[in-house]
Amino acid sequence: MKKGLLIPTALLAAILAFCLWNSAAMTDCTTRWQAQLKEADRLAQSGDWEGAAAAIREGYADWSARQTYLHIVTNHDAVDGAEAMYHRSLAFAQSREDSELRAELADLRDQLRLLAEMEEFSVKNVL
């Protein structure tokens, strides 16, 4: 390999490594957040509204701890939308609005899936 190609090749390899790591990290985070929301849904279905609200608060705290990372690597509108959904979900759990809570949690889980999909290293996202 020519000496002049070493730096650009190394830079491209570093970018590729970061993209692969970011995709895996985002998938891990969103999978964890979705599981927390499923648990909140399960608790609400069983009538444990305090437990459901606590599960949403716990998930939101976990979500909030990653805000800087999320705002750096992904679309701000998608992150802000999920943030609003967390707040609405908590309000529905606190007011014991079963159907609204379940719908909001389903929408939030879908929004988190989309966040992971946007950061997925795939041909669709590269092109």
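Start with the contacts of the whole chain: among those between residues at least 6 apart in sequence, 69% join residues at least 24 apart. Contact here means heavy atoms within 4.5 Å. This is a predicted model, where local features need pLDDT of at least 70 and side-chain atom pairs count only at pLDDT 80 or more, while totals for chains, interfaces and linings use all residues. Residues are numbered from 1 along each chain as its sequence is written, and side-chain values use heavy atoms, with hydrogens and water left out.

**Stop 1: the whole chain**

Switch to cartoon. Six helices and zero strands appear. Helices are DSSP runs of H or I with at least four residues, strands are E runs of at least two, and both are numbered from the N terminus. In sequence order the pattern reads α-α-α-α-α-α. The radius of gyration is 18 Å, well over the 14 Å that the globule rule gives for 127 residues, so the chain is more spread out than a compact globule. That radius is taken over C-alpha atoms, and the rule is 2.2 Å times the number of residues to the power 0.38. Align the view to the principal axes: the C-alpha atoms fill a box of roughly 70 × 25 × 20 Å.

**Stop 2: surface and charge**

Turn on the surface. The accessible area of the chain is about 7,600 Å², and 61% of this belongs to carbon and sulfur atoms. Areas come from the Shrake-Rupley method with a 1.4 Å probe. Of the 127 residues, 38% count as buried, a label for under 20% relative accessible area; exposed is over 50% and partly exposed lies in between (1.4 Å probe, protein chains only).

Now colour by charge. There are 13 positive and 19 negative side chains, and the centres of the two sets are 8 Å apart. Lys and Arg count as positive, Asp and Glu as negative; His and the chain ends are not counted. Each charge is placed at NZ of Lys, CZ of Arg, CG of Asp or CD of Glu.

**Stop 3: the cysteines**

How many disulfides are there? The count is zero, with a disulfide taken as a pair of cysteine sulfur atoms within 2.5 Å. Select cysteine 19: its nearest cysteine sulfur, on cysteine 29, is 16 Å away. Cysteine 19 is partly exposed at 26% relative accessible area. Cysteine 29 is buried at 5%.

**Stop 4: isoleucine 56**

Select isoleucine 56 in helix α2 (residues 49-65). Buried or exposed? Isoleucine 56 is buried, with a relative accessible area of 0%. Leaving out residues up to four places away in sequence, isoleucine 56 touches Ala40, Tyr86, Ser89, Leu90, Ala93, Leu101 and Leu105. Finish with a C-alpha to C-alpha distance: isoleucine 56 and valine 73 are 17 residues apart in sequence and 24 Å apart in space.
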